[in-house]
Amino acid sequence: MQSVNKKIRILLVDDHAVVRAGYQMLLEQSDKLEIVAEASSGEQASKLFTDVDPDIVVMDLSLPGISGLEAIRRIIRKDPNAKVLVFTMHEDTVFVDQALRAGARGYLSKSSAPKTLIKAIEEIARGGVYIDDRLVQHLAFQKARDEIGPFSSLSTREFEIFCLLAEGLNTNEIAARLSIGYKTVANYSSQIKNKLQVNTTAELARLAIRHNILQA
């Protein structure tokens, strides 16, 4: 619980400096918020989380190196009570589902009204959860019609590797990016193909395009 006069300390994670500057101007219009650190990658975000101990992390998902999903996983491993708000262009519900599984407390689209970001941060800082209203409706509709899609069977790590495979990265490149072994990636690749009932990486890419995870 935040004290009456204490500002909410924010770690802002986005790979575009101009975008971070814009969000800083927006957030600092509120006398309740303070950006204490900025990160341009998931690796940097994970390190800064330890260094500055923010009240909340505002995290994009599309980052160089490890993805926002993996960065959330690493932060939650360090502190299971960490408060992370995903703020991203990804509006497909599969990303919402995976982000919440990774440990995020909120999910907001960058197409939302600017003041909604402040509202979401304040709600999560109080210990609540905040998800974009439109995305909540989409999730509920899909679950009601049993249309969550094939990716609900994938773990957060599997989903991240699926995305990298679909983008065209090979096993060695994925291993280097995620700092894990070649054999580990190969095993994950086999598990992913088995779960999604495909045989080739090209089929994975077509599946990603069909479900708007990857742009054609």
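How many bridges join S1 to S2, and do they run parallel or antiparallel? Six bridges join the two strands, and the pairing is parallel. The views below start from this pair and work outwards through a model that is predicted.

**View 1. Strands S1 and S2 side by side in the sheet.** Strand S1 covers residues 8-13, and strand S2 covers residues 33-39. For a handy place to get your bearings, look for isoleucine 8, which stands opposite leucine 33 in S2. Five of the six residues of S1 are buried, so the strand is largely enclosed by the rest of the structure.

**View 2. The whole sheet, from edge to edge.** Reading across, the six strands follow the order S2-S1-S3-S4-S5-S6 in an open sheet with parallel pairing. S2 and S6 (130-131) stand at the edges; each has a single partner strand, so one side of each is left without a neighbour in the sheet. At the S6 edge, strand S5 (residues 106-109) pairs with S6 in the parallel sense over two bridges. Glycine 106 is found there opposite tyrosine 130 in S6.

**View 3. Strand S3 between its two partners.** S3 takes up residues 56-59. On one flank, four bridges link S3 with S1, and the two strands run parallel; isoleucine 10 has isoleucine 56 in S3 as its bridge partner. On the other flank, S3 and S4 pair over three bridges, again in the parallel sense, and valine 57 stands opposite valine 84 in S4. Which way do the side chains of S3 point? Ile56 and Val58 point one way, Val57 and Met59 point the other way, and all of them are buried.

**View 4. Helix H1 lying across the sheet.** Helix H1, made of residues 17-27, lies across S1, S2 and strand S4 (84-88). Its direction is at about 165° to S2.

**View 5. Helices H3 and H4 packed together.** Here helix H3 (residues 68-78) meets helix H4 (residues 93-102), with the axes 8 Å apart and an angle of about 20° between them. That angle makes H3 roughly parallel to H4. The crossing of this pair is right-handed. To trace the contact, follow Leu69, Ile72, Arg73 and Ile76 in H3 to Gln98, Ala99 and Ala102 in H4. Sorted by class, the residues of this contact are five nonpolar, one polar and one charged.

**View 6. Helices H3 and H7 crossing.** The axes of H3 and helix H7 (residues 156-167) come within 9 Å and cross at roughly 155°. This makes H3 roughly antiparallel to H7. The crossing is left-handed. H3 brings Leu69, Glu70 and Arg73 to the contact, while H7 brings Thr156, Arg157, Phe159 and Glu160. The contact of H3 with H7 contains two nonpolar, one polar and four charged residues. Leu69 and Arg73 are worth keeping on display when you switch views: they are listed in the contact of H3 with H4 and in the contact of H3 with H7.

**View 7. A closer look at glutamate 160.** Is this residue of helix H7 buried or exposed? Glutamate 160 is buried, with a relative accessible area of 5%, which is below the 20% cut-off for that label. Leaving aside residues up to four places away in sequence, glutamate 160 touches Ile66, Ser67, Glu70 and Leu178.

Note on methods:
Residues are numbered from 1 along each chain as its sequence is written. This is a predicted model: local features need pLDDT of at least 70, side-chain atom pairs count only at pLDDT 80 or more; totals for chains, interfaces and linings use all residues. Side-chain values use heavy atoms; hydrogens and water are left out. Axes are lines fitted to C-alpha atoms, for helices over the stretch in contact, and angles run from 0 to 180 degrees between N-to-C directions. Angles under 35 degrees count as roughly parallel, over 145 as roughly antiparallel, 65 to 115 as roughly perpendicular and the rest as oblique. A crossing is left-handed if the near helix is turned anticlockwise from the far one by less than a right angle, and right-handed if clockwise. Contact means heavy atoms within 4.5 Å. Ala, Val, Leu, Ile, Met, Phe, Trp, Tyr, Cys and Pro count as nonpolar, Asp, Glu, Lys and Arg as charged, and the others, Gly among them, as polar. Two strands pair if DSSP finds at least two bridges between them. Buried means under 20% relative accessible area, exposed over 50%, partly exposed in between (1.4 Å probe, protein chains only).
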